[in-house]
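Let's take a walk through this structure together, one piece at a time. Keep the model in view as you read.

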Amino acid sequence: MLYPKLLLFALALPLAAAESDLAATATNQLGLDLLRQLATDRPGENLIFSPYAIQEALALVYAGTDGTTRSEMARVLHFPTHSEPMPPSFAALRASIDHTAGSYEKRTASRLFAQQGNAFGDSFLTFIRENAQASLQSVDFTGDPAGARDAINAWMGNQTKNKITNILPPDGVTSKSRLVLASTFAVHATWDEVFDPAGTRPRSFHFSRSSEAQTAFMTQTTSAGYSKREGFSAIILPFGQSDLQLLILLPDEVEGVVELSRKLTPPILRDSAKLPNERIALFVPKFQLEGTALTFGKILQKLGMKSVFDLPPGSVNFGNMVSEKSNSTLALSEVFHRASIRTNESGSSAFSPLFVHTDSDRGYGTYNTLQNTGTTPQVHVDHPFLFAVLHRATGTCLLLGRITDPR
């Protein structure tokens, strides 16, 4: 998550009567910025992360900043220069996502772990309580950082039924840590139309023009959101008649996934959330990503968010977070994130703590090669592709990733 002397985990913002467009657009743009940088830093790797969890967490950090630190964060997070509309916009977005109907299970939880006796500003603590709906627990980072880490990891394990354990690494907190914001978002859902396991069989997945391997493909003839775009195809597969859905983006070229990640925009994601239905025969590889822990500190610095990390030294300004009684100088140390996804014929589960582990268990892939036999097009997701879990009503990207090898 985050900090340093201030470490952030995730976060959650509550109800408010306001439009969610600002928050949704900012979330998707940040997600695409991070995807492009990850694709550059980790060429050829499978990727998955939660733009929604990361943006919400950073929005909470942003609420405690002032001066140059605040203006730099606003640019990187794609917030308007006037910050007032953002809290209610995030509140409206979270309210919309939290109240999504349909046959799925969802659970959210947030907690702040603060150094015992540390003096945070009353207004910031009120903001956390009212906008993040998080409880506060005192720990002793100064005297027992290992014990504080164990307490945080134990809480996360309990909230995720031990699906997520030891998320915070041994060096994730130190005696200088003062605050960890921990949050988890979990979803379990089934497909609107499940895949018949009898139809799953080995097929070729092309890693490049010259390399391929056999892997298990699921198949289904279904009515799904589908559109052929310039250079790529998009398909939407809904979860359990809910407002949550899987978006698959398949480049026309076998080696076109990097270029596709560069050309994606928030409007493309938003418009893809409401594709017209078409009858297709879909062939999708089963895949499972036990996502490795990602750190976003250096990426955010490359994007222009430096002062919050106290670069250059002495530039950080958490004037809206620290009480005048505090002797601590806070700075962001790191943003930790972990995500995973599993797919099968029946449905999906996702865990997204912002110390985050996002575990998704669904049945999809993407499609690339498009064939038309008779009246029903065949869509083959047989080479590297991008995917996202979208909230249909707002077009918000809850999960975003890339599959280069589904095995």
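A good place to start is a pair of strands: β19 (residues 385-391) and β20 run antiparallel, and seven bridges join them. If you want one pairing to look for, take A388, whose bridge partner in β20 is L400. Bear in mind as you look that this is a predicted model.

The two strands form a hairpin with four residues between them. Find G395 in this hairpin and check its backbone: G395 takes a positive phi near 75 degrees.

Strand β20 has another partner too. Strand β2 (residues 47-49) pairs with β20 in the antiparallel sense, this time over three bridges. Here L47 has R402 of β20 as its bridge partner.

Now, why can we call β20 largely enclosed by the rest of the structure? Strand β20 covers residues 396-403, and eight of its eight residues are buried, meaning under 20% relative accessible area, so the strand is largely enclosed by what surrounds it.

Let's move on to the helices. How are two packed helices described? By the angle between their axes and the distance between those axes. For helix α2 (residues 51-63) and helix α4 (residues 86-98), the angle is about 145 degrees and the axes are 12 Å apart. The crossing of α2 past α4 is left-handed. On the α2 side, the contact is made by Y52, Q55, E56 and A59, while α4 brings F90, L93, R94 and I97. Sorted by class, that contact has five nonpolar residues, one polar and two charged.

Helix α2 turns up again when we look at helix α3 (residues 67-77). The buried residues of α3 are T69, R70, E72, M73, A74, V76 and L77. What covers them? The cover includes α1 (21-41), α2 and α9 (297-303). Just after α3 comes H78, which takes a positive phi of about 60 degrees.

Finally, step back and take in the whole chain. There are nine helices and 20 strands in the chain. Of its 407 residues, 60% count as buried. Look at contacts between residues at least 6 apart in sequence, and you'll find that 74% join residues at least 24 apart. As for the outside, the chain exposes about 15,700 Å², with carbon and sulfur atoms supplying 48% of that area.

Conventions. Residues are numbered from 1 along each chain as its sequence is written. This is a predicted model: local features need pLDDT of at least 70, side-chain atom pairs count only at pLDDT 80 or more; totals for chains, interfaces and linings use all residues. Side-chain values use heavy atoms; hydrogens and water are left out. Axes are lines fitted to C-alpha atoms, for helices over the stretch in contact, and angles run from 0 to 180 degrees between N-to-C directions. A crossing is left-handed if the near helix is turned anticlockwise from the far one by less than a right angle, and right-handed if clockwise. Contact means heavy atoms within 4.5 Å. Ala, Val, Leu, Ile, Met, Phe, Trp, Tyr, Cys and Pro count as nonpolar, Asp, Glu, Lys and Arg as charged, and the others, Gly among them, as polar. Buried means under 20% relative accessible area, exposed over 50%, partly exposed in between (1.4 Å probe, protein chains only). Accessible areas come from the Shrake-Rupley method with a 1.4 Å probe; for residues, only the protein chains shown count as cover. Two strands pair if DSSP finds at least two bridges between them.
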